[in-house]
Amino acid sequence: MVKLPTFAISIFFIITPIFSQFGSIKIDFDDRLLRSDEKHDLLNLKEDIRQFYLNTSWDKEYSDLDIPLHIQLIFEGAASKGNVKTYICKALFSNGSELRYFDKGVQFYYSTGTSLYFDLVLFEPLSAFLAYYAHIILGGEIDTYDFKGGNTAYEIARDISLRGAASDYQKGWGTRISLVDDISKNTGLRSARLSYYIAKDLINQGDIEEAVKEFNNMLDGLEQSYIDFRREQSTQFFMKIHSETLAKIFSKIGRRDLLTDLKQLDPDNNLSLIHISEPTRPRL
């Protein structure tokens with residue numbers, strides 16, 4: 001075995017890439033309700049948030065997902081108590097597709113020069129808030145690779161929200177507990193999302209027969225979600241994002257039966273689906 005010189009080992013660790021669960025990160029602030037000095041104090045916050053998501057190892061198994069992340073913070077006000085300035089804002093988190101979560105209000109303190117880091121034991125309101133949605137979106141992404149694969153991420157999100165609800169910065173944490181519970185319990189939608197992405201891969205591989213089986217599983221999952229949760233927001237957003245793509249695929253492979261089932265599940269898009277489905281002819 002050849003022993004590398006010390007400098008070579010150092011170089012190896014420097015150039016070794018850090019795999020991140022999150023790839024491109026877009027952050028927008030709406031700070032129109034803040035005073036000039038309050039806006040000035042937030043100058044470094046965007047980059048702090050970006051580095052927080054990029055430099056944290058969120059999941060050891062799924063280390064290179066490269067999830068796009070879109071964040072919008074809408075600031076509603078700030079208050080100072082001693083040397084601590086506390087901000088209140090609404091937020092929107094999205095992966096640029098069907099994972100989209102609007103948070104009606106969070107309270108946190110922030111000061112320039114303070115590093116953000118995730119610690120499940122030591123609760124810090126801003127880092128905990130950002131980490132909660134990191135795990136919510138991560139769980140949703142992992143669910144598209146393995147059935148209920150996102151369970152661990154959802155459990156961590158729930159632990160974070162429980163600590164938040166017991167902290168001095170309780171605003172919104174009760175709602176976040178309910179959100180992660182609703183997501184993790186919606187087995188129908190979780191199954192449907194997995195089948196959707198498997199089916200699309202099979203379509204790309206030219207395996208129409210197996211793809212149709214997965215699309216049927218997807219429709220069964222969506223139906224189960226409607227039975228269990230009625231027209232729940234996450235399921236509705238999944239349909240909104242993917243219904244046109246699904247209609248085109250079903251038309252292309254000549255499966256009017258799948259189109260009919262899709263229209264029954266998604267009445268809000270009936271007109272567009274009917275228009276797309278006209279030229280179909282069964283081929284299977």
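Here are some short exercises on side-chain pairs in this structure, each with a worked solution.

Before you start, note that this is a predicted model, where local features need pLDDT of at least 70, side-chain atom pairs count only at pLDDT 80 or more, and totals for chains, interfaces and linings use all residues. Residues are numbered from 1 along each chain as its sequence is written, and side-chain values use heavy atoms, with hydrogens and water left out.

**Exercise 1. Salt bridges**

Find out how many salt bridges the structure holds, then look at the one between Arg-35 and Glu-38.

Solution. Start with the rule: a salt bridge is a side-chain nitrogen of Lys or Arg within 4 Å of a carboxyl oxygen of Asp or Glu. The structure has 14 of them. In the Arg-35 and Glu-38 bridge, the closest N and O atoms are 3.1 Å apart.

Now check the surroundings. Buried means under 20% relative accessible area, exposed means over 50%, and partly exposed is in between (1.4 Å probe, protein chains only). Arg-35 has a relative accessible area of 49%, so it's partly exposed. Glu-38 has 3%, so it counts as buried.

**Exercise 2. Bridges between distant parts**

Work out which parts of the chain are tied together by the pair Glu-98 and Arg-193, then do the same for Asp-103 and Arg-176.

Solution. Helices (H or I, at least four residues) and strands (E, at least two) are DSSP runs, numbered from the N terminus. Take Glu-98 and Arg-193: they form a salt bridge with the closest N and O atoms 2.8 Å apart. Glu-98 is in the loop between strand S3 (84-94) and strand S4 (100-109), while Arg-193 is in helix H7 (residues 187-205), so the pair ties together parts 95 residues apart in sequence. Both residues are buried.

On to Asp-103 and Arg-176, whose side chains meet in a salt bridge at 2.6 Å, N to O. Asp-103 belongs to strand S4 and Arg-176 to helix H6 (residues 173-185), and the two are 73 residues apart. Asp-103 counts as buried because its relative accessibility is 5%. Arg-176 is buried too, at 1%.

**Exercise 3. Around Phe-238**

Locate Phe-238 and list the residues it is in contact with, leaving aside neighbours within four places in sequence.

Solution. Phe-238 sits in helix H9 (residues 233-252). With 0% relative accessibility, this Phe-238 counts as buried. Contact means heavy atoms within 4.5 Å. By that rule, Phe-238 touches Glu-98, Leu-189, Ala-192, Arg-193, Tyr-196, Met-218 and Leu-222. Look at Glu-98 in particular: Phe-238 and Glu-98 are 140 residues apart in sequence, yet 5.1 Å apart in space, C-alpha to C-alpha.

**Exercise 4. Aromatic pairs**

Count the aromatic pairs, then follow the ones formed by Tyr-196 with Tyr-197 and with Phe-238.

Solution. Rings of Phe, Tyr and Trp (its six-membered ring) pair if their centres lie within 6.5 Å; planes under 30 degrees apart count as stacked, over 60 as edge-to-face and the rest as tilted. The count comes to 21 aromatic pairs. Tyr-196 and Tyr-197 are edge-to-face, at 4.9 Å centre to centre with 85° between the planes. Tyr-196 is buried at 1% relative accessibility, whereas Tyr-197 is partly exposed at 25%. Tyr-196 and Phe-238 are also edge-to-face, at 5.6 Å and 85°. Tyr-196 is in helix H7 and Phe-238 in helix H9, so this pair ties together parts 42 residues apart in sequence.
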